[in-house]
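Student: I have a new structure open and no idea where to begin. Can you walk me through it?

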Amino acid sequence: MSESNKGAHRNQSEPSSWERDLLNQMVMATVTENRRSRRWGIFFKLLTFGYLFLILGVFLWGDKLQVAKTDAEEHTALVEVKGLISSETKASADNIVTGLRTAFEDEKTKGVILRMNTPGGSPVQSRYINREITRLKEKYPKIPVYAVVADVCASGGYYIAVAADRIYADEGSLVGSIGVLINGFGFVDGMRELGIERRLLTAGENKGILDPFSPLNETDKGYIQQMLDQLHEQFIATVKEGRGDRLKAAEYPELFSGLFWNGEEAREMGLIDEFGSSSYVAREVIGAEEIVDFTPKEDVWERLARNIGAGAAEVLTTIGGLGGGFSIQ
């Protein structure tokens, strides 16, 4: 191949200067765009992580914040009973009792307020708290205890409240529901319609009592009703012991029927003593306007473990037909 042909071949295969410039510009633009994309990606990742850490901080430290203790010589201690009373909730006996003990042991506590806002729950947990209040009152006779009802103080909540020296509520509060229940569902007819056979094997003739997939016979029903009546009598006895002569049971025979009433009716029946909020009781009754919250707070890990555990347990009990339970509601 001649030299002229070689030069022509190189000219055809090699890009011209303007083509090289265009290619360089395209490469540089791509590199610049990639750098810009990486910067924005890093920015949004940092922003996302910052947001997640902020949420985590709220969960970790938000619930732990309590009313700051002041330099006042005396204060009113507050313990909140809120939500369902159960061993798995914030209103468990462990939490409430811990808060009460800490409140009574504080040298600056002049009086204790139980702020009630609960529809009820476990009779066992409620009884634990009631008994601990009675014990602490005997141990610290100079520290009065007052229950203050917010929206609702029913069933197990009222079981707790009657241990207080006096009960305050709002005129619109709901109070009462002195009764016991156990609930569930029966799927016998539905299974029969679908052609599903229940195969239940037990060791012990009564082990399958209240199985929702088996018929409820009169013997089982009578046994459960007897147990409910016994729990109800225990509840009534505790209410009478706590309220004493203030309770107008003779005038209101429906008092222990499981009904509930507003604050005005509850005062007429002797279920509560007076109207008032927590701040009113602290200021006007106890005489220590500064309120310090002694309610124990759970951290995010405890809450997560509790919610996962409770959710898994609920699914398993539903699948296994183990649902239901006694409840003062």
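**A first look**

Tutor: The chain has 10 helices and 10 strands. Keep in mind that this is a predicted model.

Student: How much of the chain counts as buried?

Tutor: Of its 329 residues, 34% count as buried.

Student: And what share of the contacts join residues at least 24 apart?

Tutor: Taking contacts between residues at least 6 apart in sequence, 75% join residues at least 24 apart.

Student: Let's do strands. Which strand does β1 pair with over 8 bridges?

Tutor: That is β2, residues 109-118, and the two pair in the parallel sense. H75 in β1 stands opposite T109 in β2. Further along, L78 stands opposite I113 of β2.

Student: How does the chain get from β1 to β2?

Tutor: The chain crosses through helix α3, residues 93-105, and this β-α-β crossover is right-handed.

Student: Which residue in β9 stands opposite L78?

Tutor: D293 does. β9 covers residues 291-293 and pairs with β1 in the parallel sense over 3 bridges.

Student: Back to β2. How many bridges join β2 to β3?

Tutor: There are 6, and β2 and β3 run parallel. M116 stands opposite V149 in β3. Here the chain crosses from β2 through α4 to β3, again as a β-α-β crossover that is right-handed.

Student: How many residues of β1 and β2 are buried?

Tutor: In β1, residues 75-82, 6 of the 8 are buried. In β2, 7 of the 10 are buried. Both strands are mostly covered.

Student: You mentioned α4. How far does α4 reach from its first C-alpha to its last?

Tutor: It reaches 24 Å, close to the 24 Å expected for its 17 residues. The helix spans residues 123-139.

Student: What sits at the start of α4?

Tutor: A side-chain oxygen of S122 comes to within 3.2 Å of the backbone nitrogen of V124.

Student: Which residues of α4 are buried?

Tutor: Among them are P123, I129, I133 and L136, along with polar ones such as Q125, N130 and E132.

Student: Now α7. What span should its 26 residues have?

Tutor: At 1.5 Å a residue, α7 (residues 218-243) should span 38 Å. Its end C-alpha atoms are 37 Å apart, which agrees.

Student: What about the two ends of α7?

Tutor: At the start, a side-chain oxygen of N217 lies within 3.1 Å of the backbone nitrogen of T219. Just after the helix, G244 takes a positive phi of about 60 degrees.

Student: And which residues of α7 are buried?

Tutor: They include I224, L228, L231, F235, I236 and V239, and also D220, H232 and R243.

Student: Switching topic. Which residues touch the most other members of the largest nonpolar core?

Tutor: L100, L114, Y158 and L271, out of 47 residues in that core. Helix α3 gives the most to this core, with 6 residues.

Student: What is L114 in contact with?

Tutor: Leaving aside neighbours within four places in sequence, L114 is in contact with V79, V81, L100, I133, V145, Y146, A147, V148 and I160. I133 is one of the buried residues of α4.

Student: Which residues belong to the second core?

Tutor: That separate core has 9 residues, including I113, Y146, I286 and A288. I113 is the residue that stands opposite L78.

Student: Why would nonpolar side chains be buried together?

Tutor: I can only give you the general pattern: in soluble globular proteins, nonpolar side chains tend to be buried together.

Student: Last topic, phi. What is the phi of S177?

Tutor: It is positive, about 60 degrees, although S177 is not a glycine. Most residues other than glycine have a negative phi.

Student: Where is S177, and is S177 buried or exposed?

Tutor: S177 is in the loop between β5 (174-176) and β6 (181-182). Its relative accessible area is 6%, so S177 is buried.

Student: What about L210? Which loop holds it?

Tutor: The loop between α6 (188-194) and α7. Phi of L210 is near 70 degrees, another positive value in a residue other than glycine. L210 has 37% relative accessibility, so it counts as partly exposed.

Definitions and conventions:
Residues numbered from 1 in each chain as written. Predicted model: local features only at pLDDT ≥ 70, side-chain atom pairs only at ≥ 80, totals over all residues. Heavy atoms only, no water. Helix = DSSP H or I, 4+ residues; strand = E, 2+ residues; numbered from the N terminus. Expected span 1.5 Å × (residues − 1). Buried < 20%, exposed > 50% of the residue type's maximum accessible area, 1.4 Å probe, protein only. Polar contact = N/O pair within 3.5 Å; in protein donor to acceptor, adjacent residues only side chain to side chain. Pairing = 2+ DSSP bridges. Right-handed = clockwise from strand over helix to strand, strands pointing away. Core = buried A, V, L, I, M, F, W, Y, C linked by side-chain atoms within 4.5 Å. Contact = heavy atoms within 4.5 Å.
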